[in-house]
Structure formats: C-alpha cells, structure tokens
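I opened the notebook to record what I looked up in this structure. The entries follow the order in which I went through the topics.

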Amino acid sequence: MRGLLLLVITIALAFSVKGQGSIHEFFAEDIQVIFKEVPRDVVSVIVVIKGGTANYTKETEGIEALAIKWAVEGGTVNYPKDVLNQKIESSGAIIDFYTGYDYSLIEMTCLKRHWAEAWSILSDILINPALQTDQFKLAKTQLISDAKYNNQDPNTKLRYLAMANAFAGKNYEKIPEGTARSLERLTADQVKNYYENFINKKNCFISIVGDLQGDSLRISIFERLKDLPSGGETRFVQDEGITSGPPQMHYRKLETNYIRGYMNAPRLESEEGLAILIGMEMLDKRIFDIVRVKAGLSYNPTAYFANAIIHNPYNVLYISTSQPREAIKLMVEVLQDVKENGFTSEELAAQKATYLTSYYLDQETTSSQCNAIVMNELRGGWRKAIITPGNLSKLDHTTVNEVIKKYTNLIRWTYLGNKNTMSESDFVNLKK
C-alpha cells in the first residue's frame with residue numbers, strides 16, 4: 001500500500017499524456033497554450049512560470065513565492081480581496097499555487113459550466129493584481145512565519161541543509177520558500193518589479209484540460225491575456241552534478257535523528273530515465289522491507305528519484321531513526337547488495353504492474369493530466385513520450401541494474417541530530 005501511494009503521487013510527473021491526438025497547441029500572441037480536450041465535467045488549468053531558482057539570487061530567495069502569493073491572494077485592481085474571494089467561492093473554483101526549484105505554478109480547477117467566470121477571475125489575477133501595500137505586509141508576514149516553522153521542523157530543515165550541501169553555490173542551494181532573513185529584507189517595490197518582469201508571455205505557458213471548444217478557448221485566452229507583458233524567457237543552465245565531499249554534521253537535541261544522502265541521477269527524459277525511476281522505487285521497497293519491517297530501525301526509510309526536479313535531477317536516501325549508526329549502515333548494505341546482485345526479473349515485473357495500475361487510475365482526473373502535460377513540456381516538449389506503457393514493457397532488469405549501479409557510487413551525506421549518536425567517521429567507514 002505504501003508503494004502504491006508513492007506511485008500515485010509521482011506517476012503524473014513521469015508518464016506521457018494518454019491520447020496525445022486530442023492535444024492542441026496554439027499561441028495567443030506570444031503565450032503558448034497546450035489544450036487537451038477530454039469529456040469531463042471538470043476543467044483544470046495550470047499557468048507555468050519558468051526558471052524557478054534561476055530567476056533570483058541567493059540573497060533574494062523567496063521573492064518569487066512572495067510575488068505569487070501577493071498577486072493570487074491580495075485581490076485585483078477590479079475586485080478587492082474580499083470581493084474576489086466571494087467571486088471565487090460563488091464560481092466553485094479552486095485556485096492554488098506552488099513555487100519550486102525549476103518552475104512555479106498557478107493552477108485552477110472548476111466545473112465546466114463555470115469555466116467562463118472562473119477563467120475571467122484567474123486571468124484578472126494574472127493581469128491586474130492589486131499589489132497593495134497592506135496585502136504585501138500580510139503575505140510577507142505569513143511567509144516569514146512559515147519560514148520560521150520550516151527552520152524548526154527537522155524534516156524540512158534537513159532538506160534545506162542537504163540541498164545546500166549537495167548543490168553549494170548552485171541554483172538548487174536557494175530555498176524557493178525563502179528564509180525569514182531573506183523575506184524580511186524584501187521590499188514591496190522590489191517584489192512588484194519582480195512580478196512584472198517574470199510573469200510574462202515568453203516566460204510562461206498554459207496547460208488546459210477539459211471539455212471546451214477550441215475556437216472559443218483561443219478567443220477567450222487572447223482577449224484576457226493580450227495585455228500580459230511580452231518579456232523574456234529565463235534559460236536555466238544545467239549545473240555540474242553532485243561531487244564528492246565530506247558528510248555535513250548538524251547537531252541539534254532531538255528525539256529522532258535525520259539523515260539524507262544525495263546521489264546523481266540522469267534526467268527523466270534521457271534513455272536512462274525510465275530505468276532510474278523504476279529502479280529507485282524497487283530499492284525503496286527493498287530498504288523498507290529490510291530496515292523497517294525486519295530490523296525495526298526506522299518508521300520510514302526511503303529511497304527515491306526526485307522526479308519533480310527538471311534540470312539537475314538526483315536520487316535520495318532518507319531515514320529518521322533513534323539508532324542512526326545501525327540504520328544507515330543497514331541501508332547502505334541493502335544498496336550494496338543491490339549493486340552486486342541486482343534486482344530479479346520477477347521484482348521488475350511486479351513493479352511494472354504497480355506502475356501501470358497507478359497510471360490508469362491517475363488518468364481519471366483532469367488535474368493529473370494537466371500536470372502531466374506541464375511536466376512533459378518542461379522536459380523538452382509535450383509531444384515527446386517520456387514514459388509510456390509501451391516502453392515500460394520493453395524495460396529489462398539488466399538495464400535497471402546497470403543504471404542503479406552507475407548512479408549510486410557517490411553519496412553526499414547530511415546529518416541532523418544528536419551529537420552522541422552519529423559522527424562523521426560513521427559515514428566515512430560505510431562500504432561504498
């Protein structure tokens with residue numbers, strides 16, 4: 001059940017969109033729109049802002065999150081915040097946003113019969129955000145509060161520390177949500193200027209899935225977004241991969257100790273992408289069965305390929321435990337056994353079946369199909385089939401074993417926990 005839940009979460013990011021013949025691409029002036037017509041009562045739309053951490057400096061991390069939150073939640077020129085919220089509620093629309101390492105999203109889901117009203121609301125947010133000072137202060141205060149909480153939450157803090165360790169001096173060292181310190185220094189003028197520069201026709205594209213008429217959709221998008229600035233597109237340069245380095249030890253008095261190990265990985269759209277995706281899920285199951293079920297050393301040992309990452313992908317080993325020396329040693333032993341002896345064809349067949357089940361279940365929602373289009377486009381084009389049931393069936397266990405072995409030789413470790421339960425030498429002595 002645990003593996004299935006993980007797969008349901010990741011599957012939309014991996015598989016190509018089913019029924020690509022029903023997908024149409026057009027441009028409303030310079031803004032790219034990818035539309036998939038499906039017979040559903042629900043319409044999903046995602047506005048993608050490209051660039052992510054490449055759009056800002058380490059000193060201004062969090063500026064994109066603050067800009068989008070301020071625009072989405074602060075009302076528009078035409079509708080004050082309270083009025084806008086009432087209009088959103090009456091239309092039945094759900095509007096949300098996400099800020100990440102490679103991109104940010106503003107997404108909306110609504111019933112087909114409310115599409116015209118809901119789209120007018122979303123487009124008004126994009127084009128005419130009020131960006132008033134009082135709402136800036138409110139959004140900033142909320143994000144600072146979130147940042148302070150994240151700094152105290154061990155799991156989130158460890159992720160930030162591990163990213164800074166593995167990607168020091170690179171884009172992924174930046175924290176998309178920002179820190180309390182970086183957010184406090186941001187001014188309203190600074191954030192407003194950022195929004196006006198990066199929310200534009202060339203740096204954004206739109207994915208829409210629903211039962212809509214293509215011609216009227218083109219007209220409505222053109223009419224609503226014609227005043228969006230043309231702007232320029234952010235080019236995210238792929239950095240050098242993770243390099244070797246000593247483990248980073250961060251000591252804090254905690255009941256549980258937390259460890260992350262980062263390894264290199266191929267891009268998902270590459271020839272090795274499918275093998276690493278499936279292989280890490282198989283490794284995750286093996287680690288869970290041995291470390292959690294048989295040894296009882298951790299509640300949630302995990303191995304995964306970070307498939308939501310676009311430009312500099314990586315693999316992760318993660319564990320929280322009161323016995324870090326024993327637990328991490330056993331995790332590495334499991335990994336070493338996989339590298340030496342590999343997975344069996346029977347294990348791969350079972351994993352394929354799980355993936356296919358999750359894939360077809362996931363195709364039931366417009367939001368997951370909309371997200372799949374987005375991820376494929378970000379990875380090189382929505383027309384390109386990244387992973388399909390067809391090429392999944394061709395994958396053999398020999399290829400999986402070779403790719404896992406290739407990308408798991410170097411592990412960059414980060415530790416957050418008690419000083420007396422783990423030392424740097426405990427990592428150095430791990431068998432590679």
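Before placing anything in a loop, I fixed my terms: helices are DSSP runs of H or I with at least four residues, strands are runs of E with at least two, and both are numbered from the N terminus. The model is predicted.

**Entry: a loop residue**

I looked up Leu 131 and found it in the loop between helix H4 (115–127) and helix H5 (133–152). Leu 131 is not a glycine, yet it has a positive phi of about 50 degrees. Is Leu 131 buried or exposed? Leu 131 counts as buried, because its relative accessibility is 13% and the cut-off for buried is under 20%.

**Entry: the chain as a whole**

I counted elements next and noted 16 helices and 11 strands in the chain. The radius of gyration is 23 Å, and the globule rule gives 22 Å for 432 residues, so the chain is as compact as a globular protein of that length. Along the principal axes, the C-alpha atoms fill a box of roughly 65 × 50 × 35 Å.

I then checked burial and found that 56% of the 432 residues count as buried. The accessible surface comes to about 18700 Å², and carbon and sulfur atoms hold 50% of that. For contacts with a separation of 6 or more, 84% are between residues 24 or more positions apart. I also looked at charge: the chain has 49 positive and 51 negative charges, and their mean positions lie 4 Å apart.

**Entry: helix H2 and Ala 71**

I went to Ala 71, which sits in helix H2 (residues 63–73). Ala 71 has a relative accessible area of 1% and is buried. What does Ala 71 touch, not counting residues up to four places away in sequence? I listed Ile 125, Pro 129, Leu 131 and Tyr 195. Leu 131 in that list is the residue with the positive phi from my loop entry. For a distance, I took Ala 71 and Phe 35, which are 36 residues apart along the chain, with 25 Å between their C-alpha atoms.

**Entry: helix H3**

Which residues of helix H3 (residues 81–91) are buried? I noted Leu 84, Ile 88 and Ser 91. They cover an arc of only 70 degrees around the axis, which puts them on the same side of H3. An α-helix has 3.6 residues a turn, so residues three or four places apart point the same way. Asp 82, Gln 86 and Glu 89 are exposed on the other side of H3. I found the buried residues of H3 packed against strand S4 (94–99) and H4. Gly 92, just after H3, takes a positive phi of about 75 degrees.

**Entry: Ser 120 in H4**

I looked up Ser 120 and found it in helix H4. Ser 120 is buried, with a relative accessible area of 17%. Ser 120 and Leu 225 are 105 residues apart in sequence, but their C-alpha atoms are 9.9 Å apart in space.

**Entry: Ile 309**

I placed Ile 309 in the loop between strand S9 (302–305) and S10. Ile 309 is buried at a relative accessible area of 8%. Leaving aside neighbours within four places in sequence, I recorded contacts of Ile 309 with Tyr 101, Asp 102, Tyr 172, Tyr 314 and Arg 379. From Ile 309 to Pro 129 I noted 29 Å, C-alpha to C-alpha, for a pair 180 residues apart in sequence.

**Entry: helix H15**

I took helix H15 (residues 397–407) next and noted its buried residues as Val 400, Asn 401, Val 403, Ile 404 and Tyr 407. Seen down the axis, they fall within an arc of 165 degrees, so they line one face of H15. Glu 402 and Lys 406 are exposed on the other side of H15. I then looked for the cover over the buried residues of H15, which includes strand S8 (257–264), helix H10 (273–294), strand S10 (314–321), helix H11 (324–341) and helix H12 (345–362).

**Entry: Leu 416**

I ended on Leu 416, which lies in strand S11 (residues 412–417). Leu 416 is buried, with a relative accessible area of 3%. Beyond residues up to four places away in sequence, I found Leu 416 touching several residues, among them Pro 154, Leu 158, His 250 and Tyr 258. The C-alpha atoms of Leu 416 and Lys 50 are separated by 32 Å, and the two are 366 residues apart along the chain.

How values were computed: Residues are numbered from 1 along each chain as its sequence is written. This is a predicted model: local features need pLDDT of at least 70, side-chain atom pairs count only at pLDDT 80 or more; totals for chains, interfaces and linings use all residues. Side-chain values use heavy atoms; hydrogens and water are left out. The radius of gyration is taken over C-alpha atoms; the globule rule is 2.2 Å times the number of residues to the power 0.38. Buried means under 20% relative accessible area, exposed over 50%, partly exposed in between (1.4 Å probe, protein chains only). Contact means heavy atoms within 4.5 Å. Accessible areas come from the Shrake-Rupley method with a 1.4 Å probe; for residues, only the protein chains shown count as cover. Lys and Arg count as positive and Asp and Glu as negative; His and the chain ends are not counted. The place of a charge is taken as NZ of Lys, CZ of Arg, CG of Asp or CD of Glu. The arc is that of the directions from the helix axis to the C-beta atoms.
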